[in-house]
Amino acid sequence: MELEVRHLRALCAIADAGSLHQAARRLGVSQPSLTTQLRRIENSLGAELFRRERTGCRPTLLGRAVLSRARPLVDGMSALVSDALAEADAARSRGPRLRIGSTASRVIGGWLSRLRVALPGTDISLRVDVSAHALLRSVEAGLLDVAFVHEVEGSPLAVPDGLEQRVLLDREPQFISLSRDHPAARRRVVELGDLAGDRWMVDPTVDGEWDGVRRVLGAAGLNPPVLHGVYLTAASLVVLGEAVAPCQPTSGPRDDMAIRPLRGDPLAVRLLLVSRPGADISVVYGELEAAYVEAARRSSGYYAWLLRHRSPLTRTP
């Protein structure tokens with residue numbers, strides 16, 4: 001049996017619901033049908049993906065690995081359908097439009113709000129993707145007008161020829177998230193060595209992410225255990241003290257989690273706005289810059305970092 005998107009969607013539904021019964025209801029199928037489908041998927045892979053218990057279903061080690069790859073594919077297919085519908089709708093509209101792509105960022109909400117004010121009457125759509133390369137290819141293909149992406153230090157992006165780039169920030173440090181009870185959480189700045197005994201959570205679906213973390217840990221002579229999974233899962237594990245994880249410095253304060261800079265800022269990304277050739281993105285870039293500064297100011301520790309490094313962003317009104 002060849003795995004299809006519908007099979008991956010079923011696996012994600014089972015994991016999210018925590019039981020075959022609830023997953024079947026969400027998918028609109030009978031529980032016996034879903035059970036049979038799961039059994040066929042497991043047979044095709046040669047191992048169990050879920051451990052059946054009285055309290056529900058829990059992913060096995062292999063199941064977690066499969067889910068970490070399946071979710072981006074399912075989300076990508078949903079985005080494809082959504083984008084196609086948006087394209088068809090836009091084709092019927094004669095008004096101006098702006099198609100934005102972005103990797104995950106705390107500034108997206110503020111950016112969109114600003115653009116809707118600055119560009120009244122413009123049909124603005126957004127596509128969020130974990131893969132910067134996927135977004136760049138969409139800009140190249142004409143499916144997106146601009147893409148706000150991050151480039152992990154040491155893992156340069158393959159920007160298609162002809163696309164234009166504007167650098168929002170040449171080097172954004174990546175902070176570390178850890179539980180409030182972690183001994184290092186008492187410090188304003190965390191040493192990498194303080195985290196040598198912790199499990200690190202990294203999302204391998206983010207372009208360059210795992211390579212960047214592995215390079216930094218290796219350079220420091222550290223070889224901690226690493227968990228691969230989406231960062232949404234990482235947050236729950238960090239709160240419980242089961243892992244630490246890199247995070248954006250604009251991440252807002254949380255009562256149940258500590259977010260700290262790393263000594264020397266060993267992990268960093270470059271922030272880029274990429275557009276189609278000849279496109280006038282002055283307004284789009286200006287509102288992105290302003291939204292980024294707003295997000296940075298909400299994180300006092302990060303804004304202090306920008307001031308110390310005399311970032312030109314701190315001079316943005």
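L288 is a good place to start in this predicted model: the residue sits in helix 9, which runs over residues 282-298. With a relative accessibility of 0%, L288 counts as buried. Its contacts, leaving aside residues up to four places away in sequence, are V107, W111, F148, L168 and L273. L112 also shows how the fold brings separate stretches of chain together: L288 and L112 are 176 residues apart in sequence, and their C-alpha atoms are 8.6 Å apart in space.

Stay with helix 9 for a moment and look at Y292. Y292 is buried, at 1% relative accessibility. The structure has four aromatic pairs, and one of them is made by Y292 and Y302. The two rings meet edge-to-face, with 6.3 Å from centre to centre and 85° between the planes. Because Y292 belongs to helix 9 and Y302 to helix 10 (residues 300-308), this pair ties together parts that are ten residues apart in sequence. Y302 is buried as well, with a relative accessible area of 0%.

Y302 has another aromatic partner, W305, and here the geometry is stacked: the centres are 6.0 Å apart and the planes 25° from each other. Both Y302 and W305 are buried. They lie three residues apart in helix 10, so about one helical turn separates them. In an α-helix there are 3.6 residues a turn, so residues three or four places apart point the same way. Add F175 to Y292, Y302 and W305, and you have one aromatic cluster.

Next to F175 in the numbering comes Q174, a polar side chain worth a look. Q174 is found in the loop between strand 6 (164-173) and strand 7. Is Q174 buried or exposed? Its relative accessible area is 12%, so Q174 counts as buried. Its side chain has a polar contact of 2.9 Å with the side chain of E172. Residues further off in sequence also touch Q174, among them C247, Q248, P249, L262 and V269.

Now turn to charged residues. Side chains of opposite charge can pair when their charged atoms come close. The count here comes to 15 salt bridges. One of these joins R99 and D145, whose closest N and O atoms are 3.0 Å apart. R99 lies in strand 3 (residues 97-102) and D145 in the loop between helix 6 (132-140) and strand 5 (146-152), so the bridge ties together parts 46 residues apart in sequence. R99 is buried at 7%, and D145 is buried too, at 16% relative accessibility.

For a different setting, look at E191 and R263, whose side chains form a salt bridge at 3.0 Å, N to O. E191 is in the loop between strand 7 (175-179) and strand 8 (200-202), while R263 is in the loop between strand 11 (257-260) and strand 12 (268-275), so this pair ties together parts 72 residues apart in sequence. E191 is partly exposed, at 33% relative accessibility, and R263 is partly exposed at 49%.

R199 and E242 form a further salt bridge, at 2.7 Å from N to O. This pair also links distant parts of the chain: R199 is in the loop between strand 7 and strand 8, and E242, 43 residues away, is in the loop between helix 8 (231-239) and strand 10 (245-247). R199 counts as partly exposed at 34%, as does E242 at 37%. Finally, R99 and D145 are joined with R276 into one network through salt bridges that share partners.

Helix 3 makes a pleasant last stop. Its 15 residues, 31-45, reach 21 Å from first C-alpha to last, close to the 21 Å expected at 1.5 Å a residue. Which residues of helix 3 are buried? They are L34, T35, Q37, L38, I41 and E42. These residues cover an arc of only 165° around the axis, so they lie on the same side of helix 3. On the other side, P32, R40 and N43 are exposed. The buried residues of helix 3 pack against helix 1 (5-17), helix 2 (20-27) and strand 1 (50-53).

Both ends of the helix have something to show. At the N-terminal end, S30 acts as a cap, with a side-chain oxygen 3.2 Å from the backbone nitrogen of S33. Just after helix 3, G46 takes a positive phi of about 80°.

Conventions: Residues numbered from 1 in each chain as written. Predicted model: local features only at pLDDT ≥ 70, side-chain atom pairs only at ≥ 80, totals over all residues. Heavy atoms only, no water. Salt bridge = Lys/Arg side-chain N within 4 Å of Asp/Glu carboxyl O. Helix = DSSP H or I, 4+ residues; strand = E, 2+ residues; numbered from the N terminus. Buried < 20%, exposed > 50% of the residue type's maximum accessible area, 1.4 Å probe, protein only. Expected span 1.5 Å × (residues − 1). Arc of directions from axis to C-beta. Contact = heavy atoms within 4.5 Å. Polar contact = N/O pair within 3.5 Å; in protein donor to acceptor, adjacent residues only side chain to side chain. Phe/Tyr/Trp six-rings, centres within 6.5 Å; stacked < 30°, edge-to-face > 60°.
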